[in-house]
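Here are a few notes to read alongside the structure, in the order in which I would look at things. I hope they are handy as you turn the model around.

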Amino acid sequence: MPSRLFALSLLVLISLPLAAQTGRPVLMISVDGMRPDYVTHAAEHHLHIPNLLRVLAQGAHAEGVQGVFPTVTYPSHTTLVTGVWPARHGILNNAIFDPERRMHDSWYWYNGQIKVPTLWSAAHSAGLSTASVGWPVTVDADCIDYLIPEYWRGASAADPTNPDDRMLMDAVSRPDNELRQIAERTATPYMNGNDTTIDGDEAKTIYSLDILRRHRPRFMTIHLSSLDEEEHMHGPFSPEADKDLERIDGMIGRLVTQELANDPDAVIAIVSDHGFADISRATNLFIPFIQAGLVQAAPSSKDGAPRILSWKAEPWLAGGMAAIILHDPSDAATTAQVRGILDKLAADSDSGVARILNAEQMQRLGGFPGAAFVVTLKPGYVTGPGIAGPLVTAIPHGGTHGYDPTAVPEMRSSFFILGKGVLAGKDLGVVDMRQIAPTIAGLLGISLPDAAQKSLSIR
């Protein structure tokens, strides 16, 4: 009988996918907007973040992660799970390019817009269970077994005005009725729309913990977004941002504890999508295009944003940079006219413009395919939506991102990793964001052949 049991066990083992035999569970938590120095220099900022400091001390970490063009949430989060630049994976900005404002502030919400395999799809194909809560670009991701995507249909990402959004979230989550059942089990309704406050992150944490306890996914991603919101409003390392991160640290502690209770061999990766820089001025790039007759615009009666009547060339804003899109990319006269406008802006030291990149330069950097030019700004400036008045306007102090990742160190994001086999205290230096996905794939025991970089040496 023992020999028969051994033979049966061996047969089951052989029939399992390779990933199930060799890989380890991975929990990847993204803290939106978290610069690495929040953790590596926590004492200087008097931050009480014991759980993040534990990951720093007992695991490996990057001094910083050089991000993608543009350094904004949706392209960055997609690079984190694909290992390729935005020009390759197809998620080019947060909001889609909508020059005539006909799409009602639509973002790149849908997983079907990603053009390459993801960690979820590779894990699913290898027979591993997958889960995700709040991660961008996951609506209708059938490779994620337990899914609560990031999605909303309010006037903005932080507008929770429609109470029916909870039913909408139930409809786009999977499996069917899972969201409603978690609400009943936890006595906690899921957030309405996309709540970017700390309470929204607490709801994501409660729901993530329920999924971890009940389903024990082999690969799970979680996106916590409230730090980004506080930094936008008050700036990085503001008292408000610091307090928010301290509360997030407690959530991370609970999530890590549950993951390790599920499997002591699990690996936890703490990542972020971009850094942050202080701002006090807006560069209103629409104005020179309107003055040159390249854009015909009028104020909107609803929200004050410009209403575009017609356009030949238009900025596509992304925080600290903007892509310049031509209505007719083959229009040489308009291309030359735009080049003249941009050269004049770059020559003005007060414009906030740092650099003008042409299409060939942008192609080498992996962002904004199809753009004629990309305008990057100096830290302290943000692209503004104004259509009249001065080019540069003073704005309340706050923070933003989207700057050139090759030139602005404040844009570096985070990578901290803890688990069995990870060398404690290892400093990986400054790494390429494209290295993170193949590193996670290796831990899971799966293949991600489209990844553009080698995995990191963390063992």
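1. Let me start at Trp 152, which counts as buried because its relative accessibility is 2%, under the 20% cut-off. Please keep in mind throughout that this is a predicted model.

2. What does Trp 152 pair with? Its ring meets that of Trp 107 edge-to-face, at 4.8 Å centre to centre and with 75 degrees between the planes. The pair links distant parts of the chain, 45 residues apart: Trp 107 is in the loop between H6 and H7, while Trp 152 is in the loop between strand E5 (146-148) and helix H8 (165-172).

3. Trp 107 has another aromatic partner in Tyr 74, again edge-to-face, with 5.1 Å between centres and 75 degrees between planes. Tyr 74 belongs to helix H5 (residues 73-82) and Trp 107 to the loop between helix H6 (86-89) and helix H7 (119-125), so this pair ties together parts 33 residues apart in sequence. Tyr 74 is buried, at a relative accessible area of 0%.

4. Taking a step back, ring pairs join Tyr 74, Trp 107, Trp 109, Tyr 110, Tyr 151 and Trp 152 into a cluster. The model has 12 aromatic pairs in total. A ring with a charge over it is also worth a look: Arg 434 lies over the face of Trp 85, 3.8 Å from the ring centre.

5. Now to the sheets. Seven strands make an open sheet with mixed pairing, in the order E2-E17-E7-E1-E6-E4-E5. Strand E2 (60-61) and E5 are at its edges with a single partner strand each, so one side of each has no neighbour in the sheet. H5, the helix that holds Tyr 74, packs on this sheet and touches strand E1 (26-31), strand E6 (219-224) and strand E7 (267-271). The direction of H5 makes about 160 degrees with that of E1.

6. Strand E4 (residues 130-133) is a good place to zoom in. E4 pairs with E5 in the parallel sense over 3 bridges, and 4 bridges join E4 to E6, also parallel. Opposite Ser 132 stands Leu 147 in E5, Val 133 has Ile 148 of E5 as its bridge partner, and Thr 130 faces Phe 219 in E6. Which way do the side chains of E4 point? Thr 130 and Ser 132 point one way, Ala 131 and Val 133 the other, and all are buried.

7. A second open sheet has 4 strands in the order E11-E12-E14-E13, with antiparallel pairing. Its edge strands, strand E11 (313-317) and strand E13 (353-358), pair on one side only, and the twist averages 25 degrees from one strand to the next. E11 and strand E12 (residues 321-326) are joined by 5 bridges, and Ala 313 stands opposite Leu 326 in E12. Helix H14 (residues 332-347) packs on this sheet, touching E11, E12, E13 and strand E14 (373-377), with its direction at about 155 degrees to that of E13.

8. Finally, the nonpolar cores. The largest has 98 residues, and Met 34, Leu 245, Ile 270, Leu 342 and Phe 368 touch the most other members. Helix H12 (residues 239-262) gives the most to this core, with 7 residues. Beyond its sequence neighbours, Ile 270 touches residues including Ile 29, Val 31, Met 34, Leu 52, Ile 252 and Phe 415. A second, separate core of 40 residues has Leu 128, Val 422, Val 431 and Ala 437 among its members.

Definitions and conventions:
Residues are numbered from 1 along each chain as its sequence is written. This is a predicted model: local features need pLDDT of at least 70, side-chain atom pairs count only at pLDDT 80 or more; totals for chains, interfaces and linings use all residues. Side-chain values use heavy atoms; hydrogens and water are left out. A nonpolar core is a set of buried Ala, Val, Leu, Ile, Met, Phe, Trp, Tyr and Cys residues joined through side-chain atoms within 4.5 Å. Buried means under 20% relative accessible area, exposed over 50%, partly exposed in between (1.4 Å probe, protein chains only). Helices (H or I, at least four residues) and strands (E, at least two) are DSSP runs, numbered from the N terminus. Contact means heavy atoms within 4.5 Å. Rings of Phe, Tyr and Trp (its six-membered ring) pair if their centres lie within 6.5 Å; planes under 30 degrees apart count as stacked, over 60 as edge-to-face and the rest as tilted. A charge sits over a ring if NZ of Lys or CZ of Arg is within 6 Å of the ring centre and within 35 degrees of the ring normal. Two strands pair if DSSP finds at least two bridges between them. Axes are lines fitted to C-alpha atoms, for helices over the stretch in contact, and angles run from 0 to 180 degrees between N-to-C directions. Lists of a residue's contacts leave out its neighbours within four places in sequence.
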